Amino acid sequence: QVRLVESGGGLVQPGGSLRLSCAASGSIFSFDAVDWYRQVPGKQRELVAGITGGGTTNYADSVKDRFTISRDNAKSTVYLQMNSLKPEDTAVYFCKIRRLTYWGQGTQVTVSS
């Protein structure tokens, strides 16, 4: 079946950059929309960015002009380029195929000095 693997997280200083990857395998289609979410323990999961099969993107207000979502259909991978990172961006980041109901395992992003 479909499998999602997030990677690219780590520890960065405020103002730094990080690029997350979401690699998909299985029955994924080029028209599938993909979303990035993030979650802090004890808080509800927050939609960060999304991209449709046609390339239309959307972003949470808190990350607009700092984050960029993109996709490489040949590699079945969606990326989240994160620039000018803030401590408030610290969370576990998950990707999700919009039409499906399950999540990847997530990748930890920690922004701290």
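Ser 21 touches Val 5, Glu 6, Ser 7, Trp 36, Thr 77, Val 78 and Tyr 79, leaving aside neighbours within four places in sequence. Contact here means heavy atoms within 4.5 Å. Ser 21 sits in strand 3. Strands (E, at least two residues) are DSSP runs, numbered from the N terminus. Ser 21 is buried, at 17% relative accessible area. Buried means under 20% relative accessible area, exposed over 50%, and partly exposed in between (1.4 Å probe, protein chains only).

This is a predicted model: local features need pLDDT of at least 70, side-chain atom pairs count only at pLDDT 80 or more, and totals for chains, interfaces and linings use all residues. Residues are numbered from 1 along each chain as its sequence is written, and side-chain values use heavy atoms, without hydrogens and water.

The largest nonpolar core holds 27 residues. Such a core is a set of buried Ala, Val, Leu, Ile, Met, Phe, Trp, Tyr and Cys residues joined through side-chain atoms within 4.5 Å. Those with the most contacts inside it include Leu 20, Trp 36 and Met 82. Strand 3 (18–25), strand 4 (34–39) and strand 8 (77–82) are among the strands that each supply at least two of its residues. Beyond four places in sequence, Met 82 contacts Gly 16, Ser 17, Leu 18, Leu 20, Arg 66, Phe 67, Tyr 93 and Val 109.

Two non-glycine residues have positive phi.

| Residue | Phi | Loop | Relative accessible area |
|---|---|---|---|
| Asp 65 | near 75° | between strand 6 (57–59) and strand 7 | 84%, exposed |
| Ser 76 | about 50° | between strand 7 and strand 8 | 28%, partly exposed |

Note on methods
Helix = DSSP H or I, 4+ residues; strand = E, 2+ residues; numbered from the N terminus.
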